[in-house]
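Welcome! Here are some exercises to work through with the structure open beside you. Try each task before you read its solution.

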Amino acid sequence: MHRMARFLPLFLLLLLAWPPPIRAAAPAFSDVPASFWASKAIYALARQGVVQGFPGGTFQPNSSVTRAQFAAMVDAALGLSPYDPAQPTFSDVPPSYWGYVPIETAARAGIVHGVGGGRFDPGALISRQDMTIMLVNAMHLASVAQDLATSPLPFRDASAVAPWAAGAVATASSLHLVNGLPGGDFQPLGDATRAQAAQVVYNLLQLPSSSVTALAASVARSIVIETPTPALAVGQTEQVTATVYDGQGQPLPVQPAWSATGGSISSRGVFTGTQPGPAVLVASISGPNRQVRAQAVVRVVGPPAALAFPTSQLPPATAGTQVTVAVDVYDQGGDLVTGDAGRSINLEVTDPQGNSTLLTATDQGGVAAFSLRETKAGIYTLDASTPGLQAPAAAIQLTVQPGPPAKLQLGASSTSLSAAGQTAQVSATLTDAYGNPLSTSFPVAVSASATTYGTLTLPSTDQGPGNVATFTAGSQPGSTTLTVTDSQGNIPAATVTVENQAQATPQAPSPAALAFSQTSFGSTAAGGTLNITVQVVSGSGTVMTSDSGRQISLTVTTPDYHDHTFTTTDQNGMATFTVGGQLAGSYRVRVASSGLTSPTPASFQVVPGPPVGLQLFSEPSVLVVPGQETQLAAAVVDAYGNPTSLSTPVQLAAGTKAYGTFTQSAQSIQGGTTVLGTFKANGQSGSTTFTLTAPGTPYGPVSLTIQTYSSSAQLVSGKGMWLMYQDWQNITDSQILATAQADHITHLYLEVATSADGFYGQAALSDLLPKAHADHIALIAWIYATLDNPAADAQLATQVANYTAPSGDKVDGLAIDMEQTLSPSAITAFAQQVRGSVGNNYLLAAVVYPPQSDPGQTYASMYAACAQSFSVIAPMDYWHNTPTSFTAQQAADYVTQSLTMLRQLSGNPNVPISVIGQAYDMFASGGTGEYNPTGAEEQAAMQAARSGGAIGYSMYRWGTANQAEWQVFQDFNW
C-alpha cells in the first residue's frame, strides 16, 4: 500500500490505471466520436478500466505512449497480479518511480526485457515495432516469432523493420493484431499513438484461442504431462495437466488433445479410472508437418484383496548383512494398491533350527518393508499375514550364507587325558564373524606351549578343516595349550588347552565364556564416552581372576549399521573398553575371544548433546525436477548434527520465487526434526536459497539452496562418473566428493542392485547420498536388470527409488543397465510399471548398447521403446574395442555415429542422449592396462558428444580410469 500512495496523483496524466479500478460505465470522450476508427476499442477498454481519459473529458487519441505506459496497459488488460520486489530489475527504474510495479510485473511475466545494459528507458516513446514485440511476448509466442523471422512481411516498408523485430511483426500480422497504415506502410520506427495502443491491446483480448493454437503448434517440440498421483482407485477422478514446450524449453499457450485407455478423459484433462490396471494417457498436438505427443501411465487399482511377496525367491544374503523384505498389498487384478497405508502386516521368520520370530510393520503405498539381519547360516522361511486379506500362496525362503573368513576355532576330542599314552584328536574349523563354519580349505600351523606333558603329532598335510594334529599324553601331569594359526597370517590364532592327568591332581576351573558386566550400559551424550566391562568367567559363571593377557575384541554396531572393532587384553579376568559415538541412537555391542563362546549382546545409548545451532534439511533431495516436491525440515541440533528436543519459533524466507512454489506448514520447530513446508518445482532451471532464522536465540541463520531443472533429463547433463559398488568400498566419500568438485562433475552413478543379487547398496546410499546432495551433485542409482522377469525387476527398481537414507535423502533417479534382454515388450512393461510407481517426471535413464555394437542387430524397436518410456538414453560408446591402437578421430567418429544412428533408429530426433565414454581396458583383468583409451581419444570423444548435441558425458568407470583420462576429463569444460 505504501507505493500506491506514492504514484496515485499521477494517474490522471496516464493512459491507464494501475492496478485497474473497479469497472464502471465508460465515459464519453469529446475527441473520440463513434465514427473514429478506434472508438470501439477505446470505449471497450475504458469500460474495463484499462484506459481512461484526461481532465476535461478528452482522450487525446493521437498523443504518444511511453514504454512504461504501454507495459502497464498490457499488465492491466491481462489482469496480472502486481509484483513488487525489494530489488529493482532495471537500473533506471527505481522503487520510487510511479511505474516500478507495472514494469516489474511485465518483466516477471516475460513481456519486457529492457533495452540493454540493465536499463529499461521507461520514459521513451514506444515505437510500433517495440509495441508489437511486447504483444508477442505477452502471448508466449517468442519461439513462433523466431520461426517466422525470415517470413516475408505484407508491408511496403518491410525492409525498415529491424531484424530482431521481424519475427514478432510477422507473428502479430498473421494473427491480425497489427495492420498496416493507409498506403500499406507499417512505419516500424514510428511512435505508437494512444489510439493505436488501445486498438492492438483490444485485438489481443479478442483473439480466438484457435488462432493462437494453430500458430503455436508449428513450433511445438515436446509435451510434459503432470499427473497428481501415479495411481488412483476405480471411479476416482483426477485432473491431469499437460504443458506444451517449444525447442528452447519455453511453455506455449496451447492445450493438447487428450485420449486414454483404461478410463475416460475429458478435453480439459479430467481423467476417471474405470478398470483396474495400467491406464495410458496420451496428449498430442498437431501442426504443419508435425505431430508431437506424450504419454503417461497411471495405475488404476481396485480395493485391497490379497498379500503377495514381490518376488518368488530372495537372493542369497551374507550372515550379518541387512536384508529388506517387502510384502505388497494387491487388488484382485494383481496391481499394487499404492493408496493403501497404515495396514498392520505380520511377517513370521522361521530360522534353520525351527525357531520363529514375528515381525510387524505397517504398509505405506501398499508396501510393508521388513529389515532382517540374520547371523545364522541356513535357510529361513518367511510367511506374511494380515487380518482380512488373503495370505500369499506360498512362503518364500531366504538363504543366509556364511560371511568371509574371520575366526579360527580349535577343538580337541578330549581336553582331559587321565593316563599317559591317551590321545586327543585336534581339529580346526574356519568360521565367519558369527561362528558359521566354512567348508573351504585353509592352510594352518599347529604348535604346543610345552612338550613336557605330551607329544604333538602333525599330519603330512597341514590343512583344515578337520583333524590337524594328534596330542598324546606323557607321564608327567600338566596343561598344554595348543595354538593353531592361519599360515598366511590373515586370521587371529585359536587355542585349546589339553590337561594331562597322568597323576591325578585337583582340577582348577578353566575359562569357559565371556560375559558383560551388565546388559545395558546406560547412555552418553554425543561425542562423549562410557566404559564397558567384559568378564572372563568359568562354566559356573565366576570371574576367572587368574586369567590375564587374553586378547578380547569388542564390536560396536552404530545406529546406521556400521561396525567398529576395538581390541584389548584382560587383567585378572576383566577387560574394560572406552567407547562412544556421535550419531544419536542405540548402539549394539558384541564381544569375542579365541576359544571362548560369545555372550548375549549388550547395548548403550547415545543421546543428543547440547544445542549449538540450526540445521535446514531438504527431503528427499535439494535437486528437484518439474512437478516434483521436496520437504523443507529443520531442527535445533547439537555439535554433531543430531536433532535435539529444543523447540523454538523460526522464520523461513526464500530468496526468489521464480523457480517454484513454497507452501509453509509450520512456523516453529517442535523438538526433533519439524517439517516447515513443501517446495514444488515449476519446470524452470535455477536455484532458490532458503534462509532459516530463529529470532531471539543465538542460533542461525542457516541457508539451504534448492536447485531446479527444466526436465528430469537435465539431472544427467554435464559431466558424470560411474562407480561400481567396490569402487565405493575402496574410496572414501570425502575423496569421491573432493574429486567431483574439482572436476566439475554434476552427477554420479552408483551400482546398488542387480536382478540376481537384489538391493545390496543401502549402506552406500546412506553414507553418500546426503554428502552428494550437500554439494549439489545428483546421485543416480545404477541397477543391472536382466528383464527376464520385468515385473520383478520393476519391483526392485521401485524399492531402490523409494529407499530413504537415515538423513531423509533419496536417489535422484535410476539408471537401468539393460544388456541381457533387449525385448521391446519387456522394456515397455518394465518401464510402465516403474512409471506407475515413481511418476512420469522421475528420471529413468536407459543404459543400452550403442547402435554399432552388433551390425546384425539394428536395435530400432528397442531404441524406440526406450525413447517412449525413458527420460534419457545413455549409450555405452566403448570405441576402443580391439587390442590395438586407436586415433582420436576414430573415437570422435564412433561417438558421432552413435548419436546420429540413435536418433534415427529411435524415431525421435529430439530424444535426450547422455553418452557413456570408455575409461577402461576391456582386455585387462583389472580394467586398467595398455589398451585404456588415451587422453587424446577421451578428449575427442567428449568433444564429439558435445558437438553432436548430447546433453552430457560420463566416464565408465572411476576405479579403472587412468591419470591421462582423469586429467582430460577434469580440464574439459562441458
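**Exercise 1. A charged residue in helix 3**

Is R67 buried or exposed, and what is its relative accessibility? Then find its salt-bridge partner and say what the pair ties together.

*Solution.* Keep in mind throughout that this is a predicted model.

Step 1. The relative accessibility of R67 is 8%. Because buried means under 20%, R67 counts as buried.

Step 2. The side chain of R67 meets that of D130 in a salt bridge, with 3.7 Å from N to O.

Step 3. R67 belongs to helix 3 (residues 67–78) and D130 to helix 5 (residues 128–138), so the bridge ties together parts that lie 63 residues apart in sequence.

**Exercise 2. The surroundings of helix 3**

How many residues of helix 3 are buried, and what covers them? Work out also how the helix's length compares with what is expected.

*Solution.* Step 1. Start with the length: helix 3 has 12 residues and spans 17 Å from its first C-alpha to its last, close to the 16 Å expected at 1.5 Å a residue.

Step 2. Of those 12 residues, 11 are buried, so helix 3 is mostly covered. Among them are F70, M73, V74 and D75.

Step 3. The cover over these buried residues includes helix 2 (39–47), helix 4 (100–108), helix 5 and helix 8 (194–206).

Step 4. Just after helix 3 comes G79, with a positive phi near 70°.

**Exercise 3. Two further salt bridges**

Which parts of the chain are tied together by the pair E226 and K680, and which are linked by D727 and R957?

*Solution.* Step 1. The count of salt bridges comes to 11, and this exercise takes up two of them. The side chains of E226 and K680 meet at 3.0 Å, N to O.

Step 2. E226 sits in strand 1 (residues 222–226) and K680 in strand 43 (residues 674–681), so this bridge ties together parts 454 residues apart in sequence.

Step 3. Now look at accessibility. E226 is partly exposed, with a relative accessible area of 26%. K680 is partly exposed too, at 28%.

Step 4. The side chains of D727 and R957 form a salt bridge at 2.5 Å, N to O. This pair links distant parts of the chain, 230 residues apart: D727 is in helix 10 (residues 725–730), and R957 is in the loop between strand 54 and helix 18 (963–971). Both D727 and R957 are buried.

**Exercise 4. From strand 54 into helix 18**

Follow the chain from S954 to helix 18. What kind of peptide bond joins Y956 and R957, and on which side of helix 18 do the buried residues lie?

*Solution.* Step 1. S954 lies in strand 54 (residues 952–956). At 0% relative accessibility, S954 counts as buried. Beyond its neighbours within four places in sequence, its contacts include W722, Y749 and I916.

Step 2. The bond between Y956 and R957 is a cis peptide bond, with omega about 5°.

Step 3. N962 caps the N-terminal end of helix 18, where a side-chain oxygen lies 3.2 Å from the backbone nitrogen of A964.

Step 4. The buried residues of helix 18 are E965, W966, V968 and F969. They cover an arc of only 165° around the axis, which puts them on the same side of helix 18. The face turned away from that buried side carries the exposed residues Q963 and D971.

Step 5. The partners against which these buried residues pack include strand 46 (718–723), helix 11 (733–742), strand 47 (745–754) and strand 54.

**Exercise 5. Backbone details in loops**

Where are D121 and N572 found, and what is the phi of each?

*Solution.* Step 1. D121 is found in the loop between helix 4 and helix 5. Although D121 is not a glycine, it has a positive phi of about 60°. D121 is partly exposed, at 29% relative accessible area.

Step 2. N572 is in the loop between strand 32 (563–569) and strand 33 (574–580). N572 is not a glycine either, yet has a positive phi of about 55°. N572 is partly exposed, with a relative accessible area of 46%.

**Exercise 6. Confidence**

What is the average pLDDT of the protein, and what is the pLDDT over residues 1–24?

*Solution.* Step 1. The protein averages a pLDDT of 89, and 95% of the residues score at least 70.

Step 2. Over residues 1–24 the pLDDT is below 50. This stretch has 61 contacts in the model beyond near neighbours in sequence.

Methods
Residues numbered from 1 in each chain as written. Predicted model: local features only at pLDDT ≥ 70, side-chain atom pairs only at ≥ 80, totals over all residues. Heavy atoms only, no water. Helix = DSSP H or I, 4+ residues; strand = E, 2+ residues; numbered from the N terminus. Buried < 20%, exposed > 50% of the residue type's maximum accessible area, 1.4 Å probe, protein only. Contact = heavy atoms within 4.5 Å. Salt bridge = Lys/Arg side-chain N within 4 Å of Asp/Glu carboxyl O. pLDDT = per-residue confidence, 0-100. Expected span 1.5 Å × (residues − 1). Arc of directions from axis to C-beta. Polar contact = N/O pair within 3.5 Å; in protein donor to acceptor, adjacent residues only side chain to side chain.
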